[in-house]
Amino acid sequence: MAIKLTKNEQKVQKDRLKQYQRYLPTLQLKKQQLQSVIMRVNDELERKEAERVKMIGDLDDWVAVFAENSIFPDDRKIEHLVQPDTVITRKENIAGVTVPTFEALTFKDISYNVDDYPLWVDTALIKLREIARLDALASTLRKQAELLEKELRSTSQRVNLFEKVKIPEAKENIRVIGVFLGDQQTAAVVRGKISKKKLTEAAK
């Protein structure tokens, strides 16, 4: 983009440079914060997914009793007794980004006749609810990471724009204008000396 080679434009460019240099550290700090938070969220997600895998693995101990589930009528299989209803989240501001934070998972209130099921069903339902809760928590953490990573990409682009384009561009514009104005001043001095010399010679 062509710039005006004037003192006014030089001041505009200097003001812009100050603004960019003042704003850049804030952007860099935000970028670092986002990177740190994303790492923490991903670590938490990894822990919860490992916890879920372990809990499912623990169900292997129940394989024998769960086999009984296959003999129940379809409408009385235990998976019908655990039906997630609502994932409750609250909004939280993390590093300037509004993200959902997991609060709880509610389940549909399904009543059943205890006489229709063996004793292990109550314990199995608790385990299945906990696995469902971990699923919902992991899903919320993934959403957090997704939103934070999107903001990180945007912030990184701004940092690069300031560092690699805007600040060097403003510095170069200031340099070019300075050289031009310096040349103009030198030319004016030379012209002045020539005029003075001609006047002096004419006066003789």
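**A walk through the model**

Start by selecting Lys 91, which sits in strand β1 (residues 84–94). You're looking at a predicted model here. Lys 91 has 66% relative accessibility, so it counts as exposed, the cut-off being over 50%. Now add Thr 101 to the selection: 10 residues along the chain from Lys 91, with 6.1 Å between the two C-alpha atoms.

While you're here, pick Arg 90, Glu 92 and Glu 103. These three are linked in a network of salt bridges. The count for the model comes to 11 salt bridges, and we'll visit some others below.

Keep Thr 101 in view, since it is one of the residues lining the largest pocket. To see the rest of that lining, select Arg 40, Val 41, Glu 44, Arg 47, Ile 94, Phe 102, Leu 137, Thr 140, Leu 141 and Gln 144 as well. Helix α1 (7–58), strand β2 (97–107) and helix α3 (120–203) each give two or more residues to this lining. Sorted by type, the lining has five nonpolar, three polar and three charged residues. The pocket volume is about 160 Å³.

Next stop: Glu 49 and Arg 142. They form a salt bridge, with the closest N and O atoms 2.7 Å apart. This pair links distant parts of the chain, with Glu 49 in helix α1 and Arg 142 in helix α3, 93 residues apart. Both are partly exposed: Glu 49 has a relative accessible area of 34%, and Arg 142 comes in at 40%.

Stay on helix α3 and select Arg 175 with Glu 172. Here is another salt bridge, with 2.8 Å between the closest N and O atoms. Arg 175 and Glu 172 are three residues apart in the helix, so about one helical turn separates them.

Now jump to helix α1 and pick Lys 11 and Asp 15. Their salt bridge has its closest N and O atoms 2.9 Å apart. These two are four residues apart, which again means about one helical turn. Lys 11 is exposed at 52% relative accessible area, whereas Asp 15 is partly exposed at 36%.

Last, select Glu 9, also in helix α1. Which side chain of opposite charge is nearest to Glu 9? Arg 16, at 4.8 Å; Glu 9 is buried yet has no salt bridge. The Glu 9 side chain does make a polar contact with the side chain of Gln 13, at 2.8 Å. Gln 13 is buried as well, with a relative accessible area of 3%. Finish by adding Ile 177: its C-alpha atom is 9.5 Å from that of Gln 13, though the two are 164 residues apart along the chain.

Definitions and conventions. Residues are numbered from 1 along each chain as its sequence is written. This is a predicted model: local features need pLDDT of at least 70, side-chain atom pairs count only at pLDDT 80 or more; totals for chains, interfaces and linings use all residues. Side-chain values use heavy atoms; hydrogens and water are left out. On a 1 Å grid over the protein atoms alone, a cavity is a set of points where a 1.4 Å probe fits but cannot get out, and a pocket is an open set with protein on both sides within 12 Å along at least five of seven lines; lining residues have an atom within 4 Å of a point. Grid points are joined across faces, edges and corners, and a volume is the space filled by probe spheres set on the points. Ala, Val, Leu, Ile, Met, Phe, Trp, Tyr, Cys and Pro count as nonpolar, Asp, Glu, Lys and Arg as charged, and the others, Gly among them, as polar. Buried means under 20% relative accessible area, exposed over 50%, partly exposed in between (1.4 Å probe, protein chains only). Lys and Arg count as positive and Asp and Glu as negative; His and the chain ends are not counted. A salt bridge is a side-chain nitrogen of Lys or Arg within 4 Å of a carboxyl oxygen of Asp or Glu. A polar contact is a pair of N or O atoms within 3.5 Å; within protein, one must be able to donate a hydrogen and the other to accept it, and residues adjacent in sequence count only if both atoms are side-chain atoms.
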